[in-house]
Amino acid sequence: MGGGGKVFTLAEVSEHNNAKDCWLIINGKVYDVTKFLEDHPGGDEVMLSATGKDATDDFEDIGHSLSAREMVDQYYVGEIDVSTIPKKKAYAPPKQPHYNQDKTSEFIVKLLQFLVPLAILGLAVGIRIYTKSN
């Protein structure tokens, strides 16, 4: 690997975020991939979108070949100070109201909401028919 093994902060690496100066962080190492942007099979936009953050997941998710993994070494410029990379927050599901395990009472309420108005309507129609016939 080339370079002097300089240690960069995330802020320093983030400044290199355009087509004329593009640096990526992959597996704790910093790479100046500017010269490779035009040759990247996925296009330069893919690499530019990975600047300013730890691009390890982006790199790994693609499933790069062994030759691609070896090729990246020629763009090595140093290491990243991992303390400057924000920690990933674990997914916390949104708070939801207490789940009613016993659906019976809920079912009865819904049934009554349907049947009571129906019974009232039936009673009203029955009274109407009874009073008309008298």
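**Notes on the predicted model: sheet, pocket and His40**

1. Confidence, to start with. Among the elements of the chain, strand S4 (residues 29-32) has the highest mean pLDDT, 94, while helix H4 has the lowest, 87. This is a predicted model, and the chain as a whole has a mean pLDDT of 86, with 90% of its residues at 70 or more. A general caution for the remainder: where pLDDT is low, don't read the predicted coordinates in detail.

2. Now the sheet. Five strands make an open sheet with mixed pairing, in the order S1-S5-S4-S3-S2. Strands S1 (6-8) and S2 (17-18) are at the edges with a single partner strand each, so one side of each has no neighbour in the sheet.

3. How does S1 run relative to S5, parallel or antiparallel? S1 and strand S5 (residues 76-80) run parallel, joined by three bridges. If you want a residue pair to look at, valine 7 has glutamate 79 in S5 as its bridge partner.

4. On to S4 and S5. These two strands pair in the antiparallel sense, over three bridges. Glutamate 79 turns up again here: in S5 it is the bridge partner of lysine 29. So when you click on glutamate 79, look for valine 7 as well as lysine 29.

5. At the S2 edge, strand S3 (residues 21-26) is joined to S2 by two bridges, and the two run antiparallel. Asparagine 17 is the residue to find here, as it stands opposite cysteine 22 in S3.

6. The largest pocket comes next. About 350 Å³ of space lies in it. The elements giving two or more residues to its lining are S3, helix H2 (44-48), helix H3 (56-62) and helix H4 (66-71). H3 provides the largest share, three residues.

7. What is that lining made of, by class? The largest pocket has 15 nonpolar, three polar and one charged residues in its lining. There are 19 lining residues, and those nearest the pocket centre are Phe36, His40, Met47, Phe59 and His64. Note that H4, which contributes to this lining, is the element with the lowest mean pLDDT.

8. Finally, a closer look at histidine 40. You'll find it in the loop between S4 and H2. Is histidine 40 buried or exposed? Its relative accessibility is 17%, so it counts as buried, the cut-off being under 20%. Leaving out residues up to four places away in sequence, histidine 40 touches Val46, Met47 and His64. Two of those names, Met47 and His64, are also among the residues nearest the centre of the largest pocket.

Definitions and conventions:
Residues numbered from 1 in each chain as written. Predicted model: local features only at pLDDT ≥ 70, side-chain atom pairs only at ≥ 80, totals over all residues. Heavy atoms only, no water. Pairing = 2+ DSSP bridges. Helix = DSSP H or I, 4+ residues; strand = E, 2+ residues; numbered from the N terminus. 1 Å grid on protein atoms, 1.4 Å probe; cavity = no way out; pocket = protein on both sides within 12 Å on 5 of 7 lines; lining within 4 Å. Points joined across faces, edges and corners; volume = space filled by probe spheres on them. Nonpolar A, V, L, I, M, F, W, Y, C, P; charged D, E, K, R; others polar. pLDDT = per-residue confidence, 0-100. Buried < 20%, exposed > 50% of the residue type's maximum accessible area, 1.4 Å probe, protein only. Contact = heavy atoms within 4.5 Å.
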